[in-house]
Structure formats: structure tokens, C-alpha cells
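Subject: Structure handover

Hello,

Here is the structure I promised to pass on. Please open it alongside this message.

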Amino acid sequence: MFFVPMVAMDGWMMADDGGGGMVTSSQAIRKPFPRIRFTNYNRALQSPLMMTNNGHTANIVLPLTNNGQRAFIEGGLLPGTFEAQSVHFHWGSANSRGSEHLINGQRYDVEMHIVHKNVRYATVAEASLRSDGLAVLGVMLQAVPSLISTHFGLNRILDRLPQVIEYQSSTTIAGRLTMNDLLGDISTGRFYSYNGSLTTPDCAESVTWTVFSDSVKLPRRQVAKFWDLLDERSLPLINNYRNPQEINGRPIFQRTLI
Ligand SMILES: *[C@@H]1O[C@H](CO)[C@@H](O)[C@H](O)[C@H]1NC(C)=O
Ligand SMILES: [Zn+2]
């Protein structure tokens, strides 16, 4: 699930991105396609970097990088060049895991979505109606008992979650942060890719999914900060993931290392 900002609307319209796939390596079609190429992912994002509780998730709107461009991706099975627009998360609760994709039957604690828009389209809203409109990178986060944390970027974000507990509250994430900092040290060469659909009125298949096999490990005490967020009705914002859908014969590709 992710959220498409609608310029003309107050707040956010929720769109179902058809995420939540059950991926097993045996079902995936293994192919030697190219790796994802990341550009400006190593550059500092301009400030302010804002995170907002929109009632469905903690959402970060991505600014330009320090060279005045957007961070963008190409390669993989992406049908074009896609600029990074926003980041959000899906999580579980103290006794459940919350990733939308399962990899070989395993659900992870949290799934981070980095939403990108095809440069051919002016807005995310427009892109969401096009078959080649959006590309989402899915990164699994795994809670581990350790107290030591090495993931500088994600920890800086998670440290700010106590500032967005209330619905519609926002905070800024200060200091230098790059998109690579968000990816941590995952190996980006191994991933699954498939076409997902939006349940917008014309049901356009608009998302090319790229879900990395590797996961980021974070201390459980950091992951626990998600569970304190509250929704529009001041109820706990937990388990904000969509249940896995049948693959329905759609091909899921797995990149094999060349
Ligand atoms: C997505 O669909 C398009 C059009 O059918 C196809 O060319 C492309 O290979 C598909 N991509 C994936 C990842 O399945
Ligand atoms: Zn999502």
C-alpha cells in the first residue's frame, strides 16, 4: 500500500499499489537482467527533510539533492528513468510483523517503500494512471535484539518518530542525509521485480516493483517506535500493511547474478 499525493486534495488519497506479494524463489523466473543504477543516491538531500504522520504511515517527501537534481534510478526491469519522490513504511505491532511482501514465506518486521515517478510524467498523480508511471523500491527491515546500531540513516529517521505520534504531525530530519543512507548496506544486486496495479478507477498497472532480497537489521527498540504512532481517530497506527495477494499468474522475476 502506498499513498499518492493529490495536489487538489486536502491531505492524501490512499491508493492500493497492488503490493503484498508472496514471493518464493521457486516461483520466480530467474533472469540475468541488469542491476539497478542509482544516480544522486550518494548526494546530500536538501533541507528541510520533512516526515509527516498522514494517518496511514510515516511519510517523507523527498527534496532535491545538493546539485539541484532529484535522486533517480534506471536499469533492472524499469521501463525508463524514475525520480525519487517519497519514502514511507509498513509495520506490524509488538506481536506481529508488518512487511507487505513475503520472501520465501518470511514476513519481515517493517517494509520501507521508496516511491519513484517516471520522468516522462509531471506529477505522481498523473504517473499513477500510466502503466510505466511509478517504480517502488521495497526494502525489508528486520528487528534484532542487539542494542548496537550501525544504520546511521534509518536510525536518524526512526529517532524522529516520537515527534510524529499524532495524526498530521510533522517533523524535520536535520543534518546531512543521502538516499544511500536509507538503503544502509544492503546488497542491491539481488532483487525481485514484477508489475503491480493500482486500484484507481481505471485499475492501471502503474507500479514496477523492485523488492530487494537483502534486509536491513535494526535494533528492536528502534522498530518499536513505529508502534506508538496514532491514526486519525487517535487509535494505534499498527499493522498498516495489505495482506499478500495471489500472484494470479503474473510473472515475478528474480535477478540472477551474472
Ligand atoms: C511489465 O509489463 C510490461 C508490459 O506488459 C512488460 O513489458 C514488462 O516486462 C513487465 N515488467 C515486469 C517486471 O514484469
Ligand atoms: Zn507502501
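Below is what I found, starting with the ligand and ending with the backbone.

One caution first: this is a predicted model.

**Ligand 1**

Which residues are around ligand 1? They are L77, S193, Y194, N195 and F253. By class, three of the shell residues are nonpolar and two are polar. None is charged. Strand 15, residues 191-196, gives the most to this shell, with three residues.

N195 deserves a look. An N or O atom in the N195 side chain is 2.2 Å from an oxygen atom of ligand 1. The protein covers 44% of the accessible area that ligand 1 has on its own, which is 360 Å².

F253 has a second partner. K31 lies over the face of the F253 ring, 4.8 Å from the ring centre.

**Aromatic pairs**

How many aromatic pairs does the structure hold? It holds six. I describe two of them here.

Take F89 and F226. Their ring centres are 5.2 Å apart, and their planes are at 50 degrees. An angle from 30 to 60 degrees is neither stacked nor edge-to-face, so the pair counts as tilted. This pair links distant parts of the chain, with the two positions 137 residues apart. F89 is in strand 9, residues 82-91. F226 is in the loop between helix 4 (220-223) and strand 17 (253-255). Are these two residues buried or exposed? F89 counts as buried because its relative accessibility is 0%, under the 20% cut-off. F226 is buried too, with a relative accessible area of 0%.

Next come F191 and F212. Why is this pair edge-to-face? The planes are at 85 degrees, over the 60 degrees that the term requires. The ring centres are 6.1 Å apart. This pair also links distant parts of the chain: F191 is in strand 15 and F212 is in strand 16 (residues 207-219), 21 residues apart. F191 is buried at 1% relative accessible area. F212 counts as buried at 0% relative accessibility. Together with F33, F191 and F212 form one aromatic cluster.

Strand 15 therefore comes up twice: it gives three residues to the shell around ligand 1, and F191 of the edge-to-face pair is in strand 15.

**Buried polar residues**

Q222 lies in helix 4. Q222 is buried, with a relative accessible area of 2%. What joins Q222 to N155? A polar contact of 2.6 Å joins their side chains.

T171 is in strand 14. T171 counts as buried because its relative accessibility is 6%, under 20%. The side chains of T171 and R160 are joined by a polar contact of 2.7 Å.

N59 is in strand 7, residues 58-61. N59 is buried as well, at 2% relative accessible area. The C-alpha atoms of N59 and S170 are separated by 9.3 Å. Along the chain, N59 and S170 are 111 residues apart.

**Backbone**

Most residues other than glycine have a negative phi, and most peptide bonds are trans. Three places here are worth checking against that.

Where is the cis peptide bond? A cis peptide bond joins S47 and P48, with omega about 5 degrees. P48 is found in the loop between strand 5 (36-39) and strand 6 (50-53).

Q168 has a positive phi, near 70 degrees, and is not a glycine. Q168 sits in the loop between helix 2 (152-158) and strand 14 (170-172). Q168 counts as exposed because its relative accessibility is 52%, over the 50% cut-off.

S234 has a positive phi as well, near 60 degrees. S234 is in the loop between helix 4 and strand 17, where F226 is also found. Is S234 exposed or partly exposed? S234 counts as partly exposed because its relative accessibility is 47%, between the 20% and 50% cut-offs.

Best wishes

Conventions: Residues are numbered from 1 along each chain as its sequence is written. Chains are lettered from A and ligands numbered from 1 in the order in which they are written. This is a predicted model: local features need pLDDT of at least 70, side-chain atom pairs count only at pLDDT 80 or more; totals for chains, interfaces and linings use all residues. Side-chain values use heavy atoms; hydrogens and water are left out. A residue is near a molecule or strand if one of its heavy atoms lies within 4 Å of it. A polar contact is a pair of N or O atoms within 3.5 Å; within protein, one must be able to donate a hydrogen and the other to accept it, and residues adjacent in sequence count only if both atoms are side-chain atoms. Accessible areas come from the Shrake-Rupley method with a 1.4 Å probe; for residues, only the protein chains shown count as cover. Helices (H or I, at least four residues) and strands (E, at least two) are DSSP runs, numbered from the N terminus. Ala, Val, Leu, Ile, Met, Phe, Trp, Tyr, Cys and Pro count as nonpolar, Asp, Glu, Lys and Arg as charged, and the others, Gly among them, as polar. Rings of Phe, Tyr and Trp (its six-membered ring) pair if their centres lie within 6.5 Å; planes under 30 degrees apart count as stacked, over 60 as edge-to-face and the rest as tilted. Buried means under 20% relative accessible area, exposed over 50%, partly exposed in between (1.4 Å probe, protein chains only). A charge sits over a ring if NZ of Lys or CZ of Arg is within 6 Å of the ring centre and within 35 degrees of the ring normal.
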